[in-house]
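Got the viewer open? Here's a short walk through the structure, one selection at a time.

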Amino acid sequence: MKSFLALLFVCTSFVSQAQKTVAAIAPAQADRWQQRVKYNMVVDVDVNSNRFTGKQKLEYSNNSTDKLSKVFYHLYWNAFQPNSSMDVRSRELGKNLVGGRPDWDGRVRDRILKLKDDEIGYQKIISLKMNGVPQPFKYHETILEVNLTKPILPKSKVIFEMEFEAQVPLQIRRSGRDNPSTGVRYSMSQWYPKLCEYDAEGWHPTPYVAREFYGVWGDFDVTINIDKTYKLGATGVLVNANEIGWGYDKPGSELKPVSSAKRIWHFLGNNVHDFVWAADPDYRHIVRKVANGPVIHVIYHQKDTIAAFNPDWEKVADAAVRVLPFIEKTFGKYPYPQYSFIHGGDGGMEYPMATLIHSPNISTVFHEWMHSWYQMMLGTNESMYPWMDEGFASYADDLVSKYYNKKSTLQDYRDTLVAHPDSKNLRDLIENVLPEDHSGAYNGYFRLLQSGLEEPLTTHADHYNSNFAYSVASYSKGEIFMEQLGYIVGASVRDKILLKYYDEWRFKHPNANDFIKIAQDVSGIQLDWYKEYWVNTTKTINYSIDSLWEENGVSKIRLKRIGQMPMPIDLQLTFRDSSTEMHNIPLNLMFGNKLNEHAGQPFVVHEEWRWTHPTYVVEIKRKLSDIVKAEIDPSKRMADNDRKNNRLELTW
Ligand SMILES: [Zn+2]
């Protein structure tokens, strides 16, 4: 290819080796108060009617500086009734066509509308007291509003006592009974009246219409009385393992006999913000122990009594054990005593110390496993910042999958190329064959741009105009946020940011500003602009190589910003002798620049590019005829939506 314009151009830019140093790391500052809960729940399940009754004692610590005159609870299962908000929302989205298909979640569609009386879900409150005094309450479908007879004072504790009853819905989404594709009887998520979170922004009584959760950290003591043939997996450690057996007390043990018709399962989960469980008579149980780490439980449904060994589920257990050291090194330590992969739900859904997964799909396993970091510990308000849990978990699961599959990343190949610059095969592989790291996320984002349906990441998870825009924004654009951050500050600095984020913000409900603050502290680079453009707007990135020419033996390359979002630029030059150089042009808003990411490749930092200026001229102290190729961002980590204008090859 030859694409070469020689222009005479009066250059007003300058080459300088501006190298700003990384600022000292700021001290810890994340002392944000957190409310606290202590649940004690006892439920009695009737597996014939699919109903249960429950008693809930909730010790609630108001650690805020505010007087609380009301509280809210979630009653998620009231969504599974015809004409509920969730039902109507799904059917309304189904009227839109995206790519020729109705834009509804294929699992929900219009199925709620068709539920019969014994198939709907509900959660009803029989009584509610605070410190022994009955409290008035009001239903708003999936939210219970309680106007307290007496306010809860700042820095004080109250005890709520509730009696409730519930009917397990036929499984529509996440929780429910009798999923026809897995055969699992009970997937019990969002099953109890759950106190809404109150934080520095106030209450978050988000009606349940589809997705995303937010909860209060605390301790859960849960006792489940259920038909004796049922076997359970749950958040929390089984307290009465000796009474239950079934691998919980020692490897390979049988379920112990009981004389009564029902059996009691007693679980304790500490420092978690939700509690899930699942039950089925045909569950099987695999147990693995990570050396110096948690116990991994894999609980799967299999009716066949002969083939007890299921290699697919054994693989889930082995994979989880194998990747944990890598995960902990990269993202921070797993602090809980156990984790359970439980066959159930309708895809993959994360809960504290457990996940419900629909099949033993290893990439789902890794995604849900990573939610223990990006949601269970770093619990953002998912409704407000779905990209910070789904996007970050997607970013992480990609790395975990690569580690597990022992696949070299594109970066590994590039590093090899630096050591062997004349390997034509390697170069060809990198440029034309190998898929990009996180390429699925980038391609999804580019498809969203083409659709014209994009909405900013600041959109509330429930309020996107389409499921398509929500999914790509939260998962893909969130994943790119992290990979592209590595482009801006350097990959190894981004890795340090992730660990610092874990250290500072776990168990504290961070938000987007908190993440950016950590990223700035660690990198010494201003990043507010990155959040403002990437998160708050739908402005896009597009840079091009506009022209090259030579003046007095100095090569000049004019770059052009075509998109509205400014970025720092990596410009890689390849010379006749196959050697390469990286020329980095920081954005003026950064007040700093990244350091060389690749030992062995010269790295030249130029004068900053002011965001107001659409063009920039890079000066290279080499003859133009030395240059055979110039490429903007060869790492393809910058989400440039038109890469055709990023590369020029010169033939002489
Ligand atoms: Zn997820």
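One term before you start clicking: contact here means heavy atoms within 4.5 Å. Also keep in mind that this is a predicted model.

**Stop one: a helix.** Select residues 439-451, which make up helix α9. From first C-alpha to last, this 13-residue helix reaches 18 Å, close to the 18 Å expected at 1.5 Å a residue. Now show side chains for A441, Y442, G444, Y445, F446 and L448: these are buried in α9. What do the buried residues of α9 pack against? Add α10 (467-489) and α13 (528-534) to your selection, and you have both partners. Then step just past the end of α9 to G452, where phi is positive, about 75 degrees.

**Stop two: the zinc ion.** Centre on the zinc and bring up H367, H371 and E390, its protein donors. The two histidines each offer NE2 and the glutamate offers OE, at 1.9 to 2.1 Å from the ion. Along the sequence, the donors follow the spacing H-x3-H-x18-E. Are the histidines buried or exposed? H367 has 10% relative accessibility, so it counts as buried. H371 sits at 0%, so it counts as buried too.

**Stop three: a sheet.** Colour β26, β27 and β31, in that order, to see an open sheet of three strands with antiparallel pairing. Its edges are β26 (543-551) and β31 (615-620), each pairing on one side only. On average, neighbouring strands here are turned by 20 degrees against each other, direction ignored. Zoom in on β27 (residues 554-561), which six bridges join to β31. To finish, pick L559 and look across to Y616 in β31, which stands opposite.

Methods: Residues are numbered from 1 along each chain as its sequence is written. This is a predicted model: local features need pLDDT of at least 70, side-chain atom pairs count only at pLDDT 80 or more; totals for chains, interfaces and linings use all residues. Side-chain values use heavy atoms; hydrogens and water are left out. Two strands pair if DSSP finds at least two bridges between them. Helices (H or I, at least four residues) and strands (E, at least two) are DSSP runs, numbered from the N terminus. Axes are lines fitted to C-alpha atoms, for helices over the stretch in contact, and angles run from 0 to 180 degrees between N-to-C directions. The expected span of a helix is 1.5 Å times one less than its number of residues. Buried means under 20% relative accessible area, exposed over 50%, partly exposed in between (1.4 Å probe, protein chains only). Donors are N, O and S atoms within 2.8 Å of the metal (3.2 Å for Na, K and Ca); water is not among the atoms, so sites may look incomplete.
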